[in-house]
There are 2 protein chains.
Amino acid sequence: MKNFTHAIPTKLYFGEGQIDKLDAALRGFGKNVLLAYGGGSIKKIGLYDTVTGILTAGGFTVTELSGIEPNPRIESVRLGVKLCKENKIDVILAVGGGSTIDCCKAIAAGVYYKGDLWEMVASRHGILKALPLVDILTLAATGSEYDAGGVISNLEINEKLGNVYTYPAVSICDPTYTYSVSAYQTAAGTADIMSHIFEGYFSRTEDSSLSDYIAEGILKTAIKYLPIALKEPTNYEARANLMMIASVACSGIPEYGKQGTGWPCHSMEHELSAFYDITHGVGLAILTPRWMRFILKKDPSCAWRFVRFAKNVWGLSGDDETLAIAGIAALENFFREAKIPMTLTELGIGEEHVAEMAAHANRGNYLKNAFVPLTTEDIEEIFKNCL
Amino acid sequence: MKNFTHAIPTKLYFGEGQIDKLDAALRGFGKNVLLAYGGGSIKKIGLYDTVTGILTAGGFTVTELSGIEPNPRIESVRLGVKLCKENKIDVILAVGGGSTIDCCKAIAAGVYYKGDLWEMVASRHGILKALPLVDILTLAATGSEYDAGGVISNLEINEKLGNVYTYPAVSICDPTYTYSVSAYQTAAGTADIMSHIFEGYFSRTEDSSLSDYIAEGILKTAIKYLPIALKEPTNYEARANLMMIASVACSGIPEYGKQGTGWPCHSMEHELSAFYDITHGVGLAILTPRWMRFILKKDPSCAWRFVRFAKNVWGLSGDDETLAIAGIAALENFFREAKIPMTLTELGIGEEHVAEMAAHANRGNYLKNAFVPLTTEDIEEIFKNCL
């Protein structure tokens, strides 16, 4: 087992009605609030009115930043930082999914950053200071409500880069806010959750027992509850279980004690989103089974892990060779049944940028330490297998 | 799924050599350190020298509190509070197992408590303020390094009471510090870990999926690694896995989303320790299978949970009635093979205080909301079944 540090300061209020913690959560930080959200879905579900009602009743001074994109862009970060500075913002309130929260993390850090904000996004220096961030989650997917990371896009130069900014101080996770999430986004969000697990579960470390059981528990929970949520969008049990696993999946907890892997599918998917602005979880769902089959073929010595996956997650039995393949097929079939488009062709994506995307995903020979090391040529082949 | 709040501020440094974080962990709080420990085992393993070396090199002013008891007593809390006040302590450093950490939590809170310290222990008021606490863990058992609770005994009046004091700010968890823990204490500690899971796992809530998988993962990890640690006390993998599950087991995390149960076995065991000063984990190991058999007989409608336990934790198969019994038998056999004395008689305990202990465990009709509600008469019978 590898050494690890667990230090997640986020306070998480989970369950229906937890919005009643909002006033107290903000009040400790000050009166001037930046209320940030995306395309307006929070207005449709009445959450915007609820939140502004609480802010008005509490005597907060509110500045709004709306229209944060599904793959949040550097322009939104720049605007947010400007608004924070102009309005002496004390605390940022992000209401939305991972995109809104990611964007707000970069804004929170950007307020104190001296140089250009894209330079901050692209830098590997640690962020030392950030405004406090409170969020109200409306999508079970990225886990941004319980980690410090954020991913920001610069479509001008086709770059989508992750960095570590700041943990939310408080996350309010009420599953009923996800009742209106479309079937497509529910499935894509679940694919994202599952991918966060796959990225660490497929590792050479065999002796971090609890991490592996947590990972498998998250996958089994996703497999049980996604179909229910798709069939009955207002099923509380299903929405709550998906929301709970989302937060843990990307927290680092399922990887404690395990050797790092470089998160190969995320590296590849960020290229797809940067070039084509597609839904992150859909890109991951398409890439994952292809990546699995590729590495299993490239290095059959990793098959034991796929056998465990098939047995413990899918409950399959049989001989090892059959099992390794069957587990991957079960996953692909699960995504297909959730009506996720399972080829890049269906998204209108062709071969045109494959070489460029592969090179960028593997810049600095980044994926040489993956579970099965990947070369740029390998990545090209995986992209092509997705067409 | 029930609502829950996750707010654990403890920073956990896990793994060999993490002692190098000690200086920085203390420095933020001040220069005056109360170094607290138990019976001297930390001197035998050289940890005392390592710690005092770091404290001296860092220029800290150290006050020592030694001799904290295995079931820490109110007298140690009183002495610790006195030392803190006299020496203007900025931060408490607990080096030891759960007993030392529990005692230091009560000291940390006691420094700011206005009334009598036993009144604080026995009170149900929330503790509002406490000195910062850093710990170095030397026993995988209670999980005190990752929760806010502490249990203090008053042997004069045969009371052993738990309360919520404060979370450690930093816990340093190095599995090599447990290499010298005796087989008896290793087994007892693991029984304590497993009991923390049983207390929440046997609940009426069926839809908190991840919590149940985490609980089962902890139990399976204990079952795998305890025999290895007993056979090879310096097996890092085994010691690391036991230490990791200990911290999570008592954190509340395996119960998130679940209905409270009142922790019946802990309620009963605290009586045994209060009257006979026995090892907590041993008392739990003796009580648990008897409690399980009793409730299964009292309310057969709870059998589904025992069936799941037998299948998912022990990997057993068969018809439901056989399974429910077989899972309990497997647990009792596991404790027996770990050489834990499995009757109270072996510990020299007879019927003399059974009625008194049962009444106190169930004061205020406390266990009426347990998984299977228990009356005082039920508890008497469970105690008698342990003889």
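The exchange below goes through the terms used for this predicted model.

Modeller: Residues count from 1 along each chain as its sequence is written, and chains are lettered from A in the order in which they are written. Local features need pLDDT of at least 70, and side-chain atom pairs count only at pLDDT 80 or more, while totals for chains, interfaces and linings use all residues.

Colleague: What makes the relation between chain A and chain B that of a two-fold axis?

Modeller: Copies are superposed by least squares on the C-alpha atoms of residues with pLDDT of at least 70 in both. A rotation of 180° with 0.0 Å of shift along its axis lays chain B on chain A, with an RMSD of 0.0 Å. That is why the relation is a two-fold axis.

Colleague: How do you know that the same surface serves both copies?

Modeller: Of the contact residues of chain B, 100% recur in chain A; contact requires C-beta atoms, placed from the backbone, within 7 Å.

Colleague: Why is chain A called as compact as a globular protein of its length?

Modeller: The globule rule, 2.2 Å times the number of residues to the power 0.38, is set against the radius of gyration over C-alpha atoms. For 387 residues the rule gives 21 Å and chain A has 20 Å, which is close, so the chain is as compact as a globular protein of that length.

Colleague: How much of chain A is buried?

Modeller: Buried residues, with 20 or more other C-beta atoms within 10 Å of their own, make up 56% of the 387 residues in chain A.

Conventions:
Contact = placed C-beta atoms within 7 Å. Buried ≥ 20, exposed ≤ 12 C-beta atoms within 10 Å, placed from the backbone.
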